[in-house]
Amino acid sequence: MSERVLPEHHHDHRDVTGGWLRPAVFGVMDGLVSNTALIAGVAGGGAPPRTVALAGLAGLVAGAFSMATGEYVSVASQTELARAEIEVEKAEIARVPAAEEAELAGIYRARGVDDATAREVARQLSRDPETVWRVHAREELGIDPDDLPSPWTAALSSLLAFTLGALVPLLPYVLGGTALLVPVLLSLLALFVAGALVSRWTDRSALYSGTRQLVLGGAATGLTYVVGTAVGAGV
Ligand SMILES: [Zn+2]
C-alpha cells in the first residue's frame, strides 16, 4: 500500500487572542456608544449646544484615558501571570526533568497519541533543556512565550480607537451644528459599519452584526436621552 504524500498545507489563523485589533475595534464602538449617549443625555436635558460640545469633549478625554488604563492593567496582569507561570514551569523542569517529560507524554496520550509515540515525542522534545520550557508553555499553559501581548500596544490602540469613535457624535457640534439628530444619525451609521466589520472575525453575517450594534447603541442613546430629558425637566 503506497502512502499518498500530501502537499504541506498552510492556512492563516485570524488573530483572536488579542494584540491591537480587539481593543481597537471595541474601543471605536465604546467611544461611539458612550459619547453619543452622553451627548444625547446632556442635549435631552436642555443644555445649549456649547455645553453639549463641552460635555462631549470631556466624555471623549475621560473615556479615552479610562479605556487606556483599563486595557493596560488588564493586558499587563495577563502577561505577568503568564511570565510567572513560565517561571514555575522552568523551575519544575530543572528540578524534576523526568517527571516533566512524563507529564508531556501524558498530554500527547490524552490527545489520542499511542503510548510509545507519546513517550518518544516527549523524549525528543525534552532533549534540549534550554528550549523545552517553550513546549511546556504552549502545551500546558496554552501560551506562546514569544508572542505575549504588549500592554502599551493595547493601551495606545484603545485610546486612539475610543477617541476616534467618540469624535463622531462630537464633530457636528464642534463644526457649529445645533441639532441632536445629526450626530445621533452619524453615530448609528458608524456603529452599523463597525458592527459589520466585527463580523469579519466572527461567524455572524455583516448585516446581523451591524444591525445588532446599531440596535444596542440606539437603545443606550435613547435611554440616556430619556433620563436626560426627565432630569432636565426637574432642574
Ligand atoms: Zn510542565
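Which pattern does the protein chain follow when it is read along the sequence? In this predicted model, the pattern is α-α-α-α-α-α-α-α, and the count agrees with it, since the protein chain has eight helices and zero strands. Of the 235 residues in the chain, 34% are buried. If we look at the contacts with a separation of 6 or more, 68% of them are accounted for by residues 24 or more positions apart. The chain exposes about 14400 Å², and 65% of this area is supplied by carbon and sulfur atoms.

We can begin with the interior. In soluble globular proteins, nonpolar side chains tend to be buried together. Here the largest nonpolar core has 23 residues, and those that touch the most other members are Met 29, Ile 39, Phe 162, Tyr 173, Leu 180 and Leu 191. The elements that give two or more residues to this core are α1 (21-44), α2, α6 and α7 (181-198), and the largest share, seven residues, comes from α1. Leu 180 shows how such a core residue is surrounded: once its neighbours within four places in sequence are left aside, Leu 180 is in contact with Ile 39, Ala 40, Ala 43, Tyr 173 and Tyr 225. Apart from this core lies another one, made of seven residues, among them Leu 104, Ile 107, Ala 118 and Ala 122.

The next stop is the metal site. Which residues provide the protein donors of the zinc ion? They are Glu 89, Glu 100, Glu 103 and Glu 140, each through OE, together with His 136 through ND1, and these donors lie 1.9 to 2.3 Å from the ion. Along the chain, the donors follow the spacing E-x10-E-x2-E-x32-H-x3-E. Because Glu 100 lies in helix α3 (residues 97-110) and His 136 in helix α5 (residues 132-141), this pair ties together parts that are 36 residues apart in sequence. Both Glu 100 and His 136 are buried.

Helix α2 (residues 49-95) deserves a visit of its own, and two of its residues can be set side by side. Lys 90 is found in this helix, and Thr 79 has its place in helix α2 as well. Is Thr 79 buried or exposed? With a relative accessibility of 5%, Thr 79 counts as buried, because the cut-off for buried is under 20%. Lys 90, at 32% relative accessibility, counts as partly exposed. Leaving aside neighbours within four places in sequence, Thr 79 is in contact with Leu 148 and Pro 149. For Lys 90, one can look across to Glu 130, which is 40 residues away along the chain, while the C-alpha atoms of the two are separated by 9.4 Å.

We now turn to charged side chains. Side chains of opposite charge can pair when their charged atoms come close. How many salt bridges does a search of the whole structure find? The search finds nine, and helix α4 (residues 115-125) offers a good place to look at such pairs. Arg 119 forms a salt bridge with Asp 115, with 3.0 Å between the closest N and O atoms, and the two residues lie four residues apart in this helix, about one turn. Arg 119 counts as exposed at 51% relative accessibility, whereas Asp 115 counts as partly exposed at 34%. In helix α4 there is also a salt bridge between the side chains of Arg 123 and Glu 120, at 2.9 Å from N to O. Being three residues apart in the helix, Arg 123 and Glu 120 are separated by about one helical turn. Arg 123 is partly exposed, with a relative accessible area of 39%, and Glu 120 counts as partly exposed at 32%.

A further salt bridge joins Asp 144 and Arg 138, whose closest N and O atoms are 3.4 Å apart. Salt bridges that share partners join these two with Arg 134 and Asp 146 into one network.

Finally, the surface also carries nonpolar side chains. Leu 167, Leu 171, Val 174 and Leu 175 form a nonpolar patch there, with about 390 Å² of accessible area together. Leu 171 has its place in helix α6 (residues 151-174), and at 41% relative accessibility Leu 171 counts as partly exposed.

Terms used:
Residues numbered from 1 in each chain as written. Predicted model: local features only at pLDDT ≥ 70, side-chain atom pairs only at ≥ 80, totals over all residues. Heavy atoms only, no water. Buried < 20%, exposed > 50% of the residue type's maximum accessible area, 1.4 Å probe, protein only. Donors = N, O, S within 2.8 Å, 3.2 Å for Na, K, Ca; no water. Patch = residues over 30% accessible without salt bridge, like charges linked within 9 Å, V, L, I, M, F, W, Y side chains within 5 Å. Areas by Shrake-Rupley, 256 points an atom, 1.4 Å probe, with all protein chains shown as cover. Salt bridge = Lys/Arg side-chain N within 4 Å of Asp/Glu carboxyl O. Core = buried A, V, L, I, M, F, W, Y, C linked by side-chain atoms within 4.5 Å. Contact = heavy atoms within 4.5 Å.
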